[in-house]
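Colleague: I am new to this structure and would like a close look at a single part of it, with the terms explained along the way.

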Amino acid sequence: MNELLILCACIMILCIVFSKLSVRIGMPALVVFLLLGMAFGSDGFFQIHFDDYALAENVSYLALIFIMFYGGFCLNLKAARPFIAQASLLATAGIVISALALAAICHALLPFSWLESFLIASVLASTDAASVFSILRMKKLNLKAGLAPILEMESGSNDPFAYLLTMIALSLLSGSETSIFFLSLQQILLGIGSGILIAGCTLLVFRFLKIKESGLNSILLAAFVILAYAFASLIKGNGFLSVYLCGVILGNCKLPQKAEQIHFFDSISSMIQIVLFFMLGLLSFPSQLPDAIFSALIIFLALTFFARPIAVFLCLIPFSLSIKEKLFLSWCGLRGAASIVFAIVAVLSPAYTDFDIFHIVMIVSLLSITLQGMLLPKAAKWLNVIDESNDTSRTFNDYLEETAMQLIHVQISRHHPWIDKTLQEIEMPPEMIAVLLKRGNEAFVPDGATKLLYHDHLVLVTTNRENGIQLEMEEIPLSKHKQWIGSPLADMDTAKFLIILIRRNDDYFVPDGTTILQSGDVLIACERDVILKPEKEPPMLAH
């Protein structure tokens, strides 16, 4: 037992060390985990025999559940709303078009039947968001507006539909008489219904229990994540669609200690990806790879230069994206963990034939992550889709937590100790600054001479993480409003919004009317007519 624990600890340490080294050579860390798994496997240097596909499937499913939930949980619907149609078409119709195009090529060029070709194409239909965004963050590439949200939403939501196609392919191979239309409708409707139901139950339980310990909140949320998948699968729905939709709903609702939960699931996702890719590498047999290389290479080229571009260009015909932007979206169709997991599902199916789909899919995924991934930064520069005014790495749902600041709402009641006092007469903590005052239907930035009156609503910025609230905020990069550069904040036309913070060179500060706006500044603003309705009586802040 002790030897096994030592081995596991050493493997985890090696994965972390080599992932840091991979940054220097520009190789995605997920490839490193996969290669380390191969090195420890049956044909590797350490010859750990592992061929338990059933165990691998269970572990893989658990990993995908949390990875997909986290992807939905971090998606901000307000920021993504302008691009939902594009991403939804790519995640649904794009998956079908790509699979059919790739299946036709496989059947024409390789010794596979039509159904076997369709199975391979279905398994490889989904794209991998983790691979794309790990490269973008590693290279600090910021994309033009719209490209990152489209990629994030498409990659996060197309796994359920690739899984559905895989189930359809296996059903056809088994000779089942189940209606494809009925199977698809059942999977989609029950998956959506389950995701909405579990998300609603989660919100009710959180509001009823009101747990203050962040650790218990995160564990409770993790339990509901597992329930979202298991319940949907139990009623023959699409469990992955249920999990992703549940994540989107909960990520855009108010949850207690949300920052801590995001950090918790971020850590869980990182750990799970290490375990998943190492296990998949351990499951492979490098001695069998040469027999699958030719087929995998043909499939990779067909997928990269034919099937994926056709799907992207056809789905985006109604939208005003440039040819270069469509080409970049086509190049970002990296294959990863989901494809390999679905290959394991196929291997365990009674309908599976004797062709080596697992190693074919693994080679295609490796080629995709390495060749496509390593050339992705050059493709972005060559296609001119980089825009430094956009921050691709920002997650809008945890925006306030990233700035290390919180907003506190104070309602001035008849007996509040601040009533009829000016802000300069109030002894506030040094880390607290007044940024917004709402009086009746008017909202404005107060100054030291502003007197607080009965029923005023005051918003304070503080580094204290307790009693924080979330406002609907947006970023306004000055690169899009160059006429403001060099002018004081007081000269801006801010009839519709109020400036809460300014981000300048990765630092945040609260401006005043004399603040001179500089090139590269990003203004953090909220709508001027924002209505503050606290869920409970605000705290009475004393002198």
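Which residues does Ser 184 touch, not counting residues up to four places away in sequence?

Modeller: This is a predicted model, in which local features need pLDDT of at least 70 and side-chain atom pairs count only at pLDDT 80 or more, while totals for chains, interfaces and linings use all residues. Residues are numbered from 1 along each chain as its sequence is written, and side-chain values use heavy atoms, with hydrogens and water left out.

Once residues up to four places away in sequence are set aside, Ser 184 touches Leu 164 and Ile 168, where contact means heavy atoms within 4.5 Å. Ser 184 itself belongs to helix α11, which covers residues 180–209; helices (H or I, at least four residues) and strands (E, at least two) are DSSP runs, numbered from the N terminus. Because its relative accessible area is 17%, Ser 184 counts as buried, a word that stands for under 20% relative accessible area, with exposed over 50% and partly exposed in between (1.4 Å probe, protein chains only).

From there we can turn to an aromatic pair. Tyr 163 lies in helix α10 (residues 159–173), and its partner Tyr 61, 102 residues apart from it, lies in helix α3 (residues 53–73). The two rings are edge-to-face, at 6.5 Å centre to centre and with 80° between the planes. By the rule used here, rings of Phe, Tyr and Trp (its six-membered ring) pair if their centres lie within 6.5 Å, and planes under 30 degrees apart count as stacked, over 60 as edge-to-face and the rest as tilted. Tyr 61 is buried because its relative accessibility is 13%, and Tyr 163 is likewise buried, at 11%. Both rings belong to one aromatic cluster together with Tyr 229, Phe 240 and Phe 342.

Phe 342 leads on to the nonpolar core, since it is named among the residues with the most contacts inside the largest one, which has 129 residues. Such a core is a set of buried Ala, Val, Leu, Ile, Met, Phe, Trp, Tyr and Cys residues joined through side-chain atoms within 4.5 Å. Helix α18 (residues 357–382) gives the most to this core, with 12 residues. Ile 299 is another of the residues with the most contacts there, and, leaving aside neighbours within four places in sequence, its contacts include Leu 102, Cys 106, Ile 360 and Val 364.
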